[in-house]
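Let's walk through this protein together, one part at a time. Keep the 3D view open and turn it as you read.

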Amino acid sequence: MKRYVILTPLLALALISFAEDKPKAEAPKEAEKKEQPVMKVEKSDEDWRKMLTEEQFLVTRKAATERPHGAEYEKFNAQGEGTYYCVCCGSELFTSKEKFHSGCGWPSFYDQSKAKNITEKRDVSAGMVRVEVVCKVCDAHLGHVFEGEGFKTPTDRRYCINGVAMTFVEKGGKPPVPQGKAEKKEGEK
Ligand SMILES: [Zn+2]
């Protein structure tokens with residue numbers, strides 16, 4: 001009888017400590033919440049061709065590179081304050097705040113805009129190891145990013161971007177309608 005009385009509180013203690021351990025095991029889930037799911041825009045080559053020029057299609061969908069110091073670069077150099085959007089899906093990519101003159105012949109930015117719609121990918125094509133930058137929403141090829149070249153910018157990174165991959169909208173102008181949303185028709189779920 002006595003032994004039974006002594007054991008019971010011990011058993012109760014063991015159960016309490018077991019219950020306390022449980023919430024701790026679930027704690028790492030907080031970190032997973034930060035990554036927001038991206039609403040992807042996917043189209044066939046045929047559909048992309050319908051809405052893009054041949055050069056825009058080859059650059060964004062087939063990872064071609066526009067020629068340096070071309071017409072798009074001249075336009076870029078003349079542009080003032082504004083925002084740069086993905087020519088395929090209308091997602092915000094850069095703003096004029098991150099633009100700088102690198103002299104490389106392609107539009108250059110030292111960082112992406114706060115919208116963070118750009119993803120980096122390792123690219124081993126053309127016998128080089130480079131970091132390709134693509135639109136997070138529609139996977140459009142935009143160009144490459146290089147770092148540590150000694151540019152006196154806040155990041156010392158150079159986003160070397162094809163001008164044809166972007167749509168420029170002047171400050172105060174109307175931004176393009178994002179493709180993902182534009183495709184949804186009224187009444188559609
Ligand atoms: Zn895009």
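Read along the sequence, the elements follow the pattern α-α-α-α-α-β-β-β-β-β-β-β-β-α. That makes 6 helices and 8 strands. What you are looking at is a predicted model, so it helps to ask how confident the predictor is. The average pLDDT is 85, and 76% of the residues score at least 70. Residues 11-28 are a stretch to treat with care: pLDDT stays under 50 there, and the model shows 0 contacts beyond four places in sequence for them.

Now for the strands. Which order do the 5 strands of the open sheet take? They run β3-β7-β6-β5-β4, with antiparallel pairing. Follow that order to its two ends and you reach β3 (108-109) and β4 (118-123), which stand at the edges. Each of these two has a single partner strand, so one side of each is left without a neighbour in the sheet. Further in, β6 (residues 141-147) pairs with β7 (residues 157-161) in the antiparallel sense over 5 bridges. To find this pairing on your screen, look for Glu147, whose bridge partner in β7 is Arg157.

There is also an open sheet of 3 strands, in the order β2-β1-β8, and its pairing is antiparallel. Here β2 and β8 are the edge strands; each has a single partner, so one side of each lacks a neighbour in the sheet. Neighbouring strands of this sheet are turned by 30 degrees against each other on average, direction ignored. Notice how far along the chain the partners can be: β1 (82-86) pairs with β8 (166-170). The two are joined in the antiparallel sense over 5 bridges, and one handy marker is Gly82, whose bridge partner in β8 is Glu170. Links across the sequence also show up in the contacts of the protein: among those between residues at least 6 apart in sequence, 57% join residues at least 24 apart.

Next, turn to α4 (54-62). Which residues of α4 are buried? They are Gln56, Val59 and Thr60. These residues cover an arc of only 85 degrees around the axis, which puts them on the same side of the helix. On the other side of α4, Glu54 and Lys62 are exposed. What do the buried residues of α4 pack against? Their packing partner is β6, the strand you met a moment ago beside β7. Just after the helix comes Ala63, with a positive phi near 60 degrees.

That brings us to the inside of the protein. Of its 189 residues, 26% count as buried. In soluble globular proteins, nonpolar side chains tend to be buried together. The largest nonpolar core here has 28 residues, and Cys86, Leu93, Cys135 and Leu142 touch the most other members. The elements that give two or more residues to this core are β1, β2 (92-95), β5, β6 and β7. Try clicking on Leu142 to see some of this for yourself. Leaving aside residues up to four places away in sequence, Leu142 touches Leu93, Ile118, Val133, Val134, Cys135, Ile161, Asn162 and Ala165.

Finally, let's visit a few loops. His69 sits in the loop between α4 and α5 (71-78). Is His69 buried or exposed? It counts as exposed, because it has 12 C-beta neighbours inside 10 Å, and the cut-off for exposed is 12 or fewer. The phi of His69 is near 55 degrees, a positive value in a residue other than glycine. Asp139, in the loop between β5 (130-135) and β6, also has a positive phi, near 65 degrees. With 16 C-beta neighbours inside 10 Å, Asp139 counts as partly exposed.

Our last stop is Val177, in the loop between β8 and α6 (179-182). Val177 counts as exposed because it has 11 C-beta neighbours inside 10 Å. How many residues apart in sequence are Val177 and Cys89? They are 88 residues apart along the chain, while in space their C-alpha atoms are 8.2 Å apart.

Key: Residues are numbered from 1 along each chain as its sequence is written. This is a predicted model: local features need pLDDT of at least 70, side-chain atom pairs count only at pLDDT 80 or more; totals for chains, interfaces and linings use all residues. Helices (H or I, at least four residues) and strands (E, at least two) are DSSP runs, numbered from the N terminus. A residue is buried if 20 or more other C-beta atoms lie within 10 Å of its own, exposed if 12 or fewer, and partly exposed in between; C-beta atoms are placed from the backbone. Two residues are in contact if their C-beta atoms, placed from the backbone, lie within 7 Å. Two strands pair if DSSP finds at least two bridges between them. The arc is that of the directions from the helix axis to the C-beta atoms. A nonpolar core is a set of buried Ala, Val, Leu, Ile, Met, Phe, Trp, Tyr and Cys residues joined through C-beta atoms within 7 Å. Axes are lines fitted to C-alpha atoms, for helices over the stretch in contact, and angles run from 0 to 180 degrees between N-to-C directions. pLDDT is the predictor's confidence in each residue, from 0 to 100.
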